[in-house]
Amino acid sequence: MNMTDTQVLNGSGGKVWINEEHYANVEKISVKVTGKFEEVNCAGDFKTYQQYVGYSIAGTLTLNKVNSFAGNTFAESYKTGVMPYVKIVTKLENPATKKAERCILTGIKFSEFSVADFEAKALCKEEIPFTAVDFKFEE
């Protein structure tokens with residue numbers, strides 16, 4: 001298969017929506033699905049087999065800090081124990097080919113957030129780890 005450089009996706013064509021609101025200050029998002037396997041051992045067999053028993057989804061959202069998004073959004077949830085419903089939609093589009101891929105993540109729970117985090121002579125960023133319950137690809 002022949003390929004040209006314009007076919008390669010790059011992160012500059014990425015967009016993120018949180019609960020239908022576009023976040024232009026996203027610098028990076030990374031999400032991984034990790035399979036959970038249990039070992040299966042059988043007498044008389046030296047091999048170890050793996051039985052799939054489920055998966056988990058975890059990621060990190062990195063924002064250029066323009067406000068206290070996480071603190072403002074989740075501080076009350078942490079204090080009351082009532083977590084909001086959160087959905088994240090990502091879209092990565094190649095402007096040269098107009099091809100795009102979209103991922104929908106549901107059941108998001110942000111597992112931590114910073115109350116204060118800054119450094120002199122440095123841009124402020126907000127790294128927010130999260131888990132998700134489900135994912136679906138579109139486009």
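**Exercise 1. Find which residue in β6 stands opposite Lys91, and describe the pairing around it.**

Solution.
Step 1. In this predicted model, the residue of β6 that stands opposite Lys91 is Arg102.
Step 2. A further pair links the two strands: Val89 has Ile104 in β6 as its bridge partner.
Step 3. Both pairs belong to the antiparallel pairing of β5, residues 88-93, with β6, residues 100-106, which runs over 6 bridges.
Step 4. The connection between β5 and β6 is a hairpin with 6 residues between the strands. Lys98, in the turn, has a positive phi of about 65°.

**Exercise 2. Place β6 in its sheet and decide which strands stand at the edges.**

Solution.
Step 1. The strand order is β2-β1-β5-β6-β9 in an open sheet of 5 strands, and the pairing is antiparallel.
Step 2. The edge strands are β2 (21-22) and β9 (134-138); each has a single partner strand, so one side of each lacks a neighbour in the sheet.
Step 3. β6 pairs with β9 in the antiparallel sense over 5 bridges. Within this pairing, Ile104 stands opposite Lys136 in β9.
Step 4. Ile104 thus appears in two pairs: it is the bridge partner of Val89 and stands opposite Lys136.
Step 5. Of the 7 residues of β6, 5 are buried, so the strand is largely enclosed by the rest of the structure.

**Exercise 3. State how many residues the largest nonpolar core has, and which elements give two or more residues to it.**

Solution.
Step 1. The largest nonpolar core has 18 residues. Those with the most contacts inside it are Ile18, Phe69, Ile88, Leu105, Ile108 and Phe110.
Step 2. Two or more residues come from each of β1 (14-18), β4 (48-64), α1 (69-80), β6 and β8.
Step 3. Take Phe110 from that list. Beyond its neighbours within four places in sequence, Phe110 is in contact with Leu61, Phe74, Tyr78, Val86, Ile88, Ile128, Pro129 and Phe130.

**Exercise 4. Classify Phe130 as buried or exposed, and locate it.**

Solution.
Step 1. Phe130 lies in strand β8, residues 125-132.
Step 2. The cut-off for buried is under 20% relative accessible area. Phe130 has 1% relative accessibility, so it counts as buried.
Step 3. One of the residues in contact with Phe130 is Phe110.
Step 4. Phe130 and Glu21 are 109 residues apart along the chain, and their C-alpha atoms are separated by 18 Å.

Terms used
Residues are numbered from 1 along each chain as its sequence is written. This is a predicted model: local features need pLDDT of at least 70, side-chain atom pairs count only at pLDDT 80 or more; totals for chains, interfaces and linings use all residues. Side-chain values use heavy atoms; hydrogens and water are left out. Two strands pair if DSSP finds at least two bridges between them. Helices (H or I, at least four residues) and strands (E, at least two) are DSSP runs, numbered from the N terminus. Buried means under 20% relative accessible area, exposed over 50%, partly exposed in between (1.4 Å probe, protein chains only). A nonpolar core is a set of buried Ala, Val, Leu, Ile, Met, Phe, Trp, Tyr and Cys residues joined through side-chain atoms within 4.5 Å. Contact means heavy atoms within 4.5 Å.
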